[in-house]
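Here are a few friendly notes to read alongside the model. Please keep the viewer open as you go through them.

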Amino acid sequence: MRHLLVFLSLFLSVGLLSAREPIVIKLWPNGAPNDNGMREQVEGGALYVAEPILTVFPAERGNGLAIVACPGGGYGGLAMEHEGLAMADWMNRQGITYAVLKYRMPNGHNEVPLSDAQQALRIMRQHAGEWNVQKLGIMGSSAGGHLASTVATHFTDAATRPDFQILFYPVITMDPTFTHMGSHDNLMGKNPSKELEEKYSNEKQVDTDTPPAFILHCTDDDVVPVANAVAYYSALAKNGVSASLHIYPAGGHGWGYNDSYDFKRQWTGELEKWLRILAE
């Protein structure tokens, strides 16, 4: 009996040690360098994020990869669970340190989400030794995919350039003919200049230094046209950037890590394979 109690004690101790608590980090403890004009939650308005934070799930035995995830929500909200937090355990099991970004809504101030995402990359790199971060990627879904692709095409230095990008059914363009107009209006306002639309049409901002990409979309997506993913992939290929595009025949929009998505086994397997190669 005594041996059994010792065994159970050791088992529980190991279990507690392996179930690491996430680390929550304030992006701007001394105040953000910019402002979106929001002071409180307005009924029917965009999500008010009083304090942007990064929730980090360090891998127990990291393989050198780390990812910052940007949930979607049309730049008016955040699908934190199925496009963010739900993937933490899956990523950790692969040896990947994973972080979910709760970023501020633009509210027409286009520079605000990008500054939060770039700061998240800086923070991850500041902890590179502690979390074994050798390659740092940016990931995003829907409007979060637009933010991730903006990070990948608008970096200003080595600290803000991701090493790779993963995009789920992303908004890519701000061209009104095939963008998601909700994201367009929330990011830049209803009547932005053509210059601003072009700046945030990320298929037009790709160059040879844009990081490798893994892109997923569905043919029948009636929220964000699949032409967004195709345009971005074409721009990457034209510039000689390594890219993998996976278009599934059905599924619509916004499936994230949901088990109900018919092609979950396919996309998770393909992404796991891509990440394994990346870690080599």
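The points below take up a helix, two serines and a pocket.

1. A reminder before the details: this is a predicted model.

2. Let me begin with helix α5, which spans residues 143–153 and is mostly covered, with 11 of its 11 residues buried. The buried stretch includes A143, G144 and G145, and also H146 and T153. Among the elements that cover these residues are the strands β3 (65–70), β5 (135–141) and β6 (164–168). Helices α3 (111–126), α6 and α8 (227–238) contribute to the cover as well.

3. Helix α3 is also home to S115. Is this serine buried or exposed? S115 counts as buried because its relative accessibility is 11%, under the 20% cut-off. Its side chain reaches the backbone oxygen of V112 at 2.8 Å. Leaving aside residues up to four places away in sequence, S115 touches W28, N34 and R104.

4. R104 turns up again at the largest pocket, whose volume is about 230 Å³. Of the 16 residues lining this pocket, A32, V49, A50, P52 and R104 are the closest to its centre. By character, the lining divides into eight nonpolar, four polar and four charged residues.

5. Finally, have a look at S193, in the loop between α6 (181–188) and α7 (194–199). With a relative accessible area of 35%, S193 is partly exposed. The side chain of S193 reaches the backbone nitrogen of L196 at 3.0 Å.

How values were computed:
Residues numbered from 1 in each chain as written. Predicted model: local features only at pLDDT ≥ 70, side-chain atom pairs only at ≥ 80, totals over all residues. Heavy atoms only, no water. Helix = DSSP H or I, 4+ residues; strand = E, 2+ residues; numbered from the N terminus. Buried < 20%, exposed > 50% of the residue type's maximum accessible area, 1.4 Å probe, protein only. Polar contact = N/O pair within 3.5 Å; in protein donor to acceptor, adjacent residues only side chain to side chain. 1 Å grid on protein atoms, 1.4 Å probe; cavity = no way out; pocket = protein on both sides within 12 Å on 5 of 7 lines; lining within 4 Å. Points joined across faces, edges and corners; volume = space filled by probe spheres on them. Nonpolar A, V, L, I, M, F, W, Y, C, P; charged D, E, K, R; others polar. Contact = heavy atoms within 4.5 Å.
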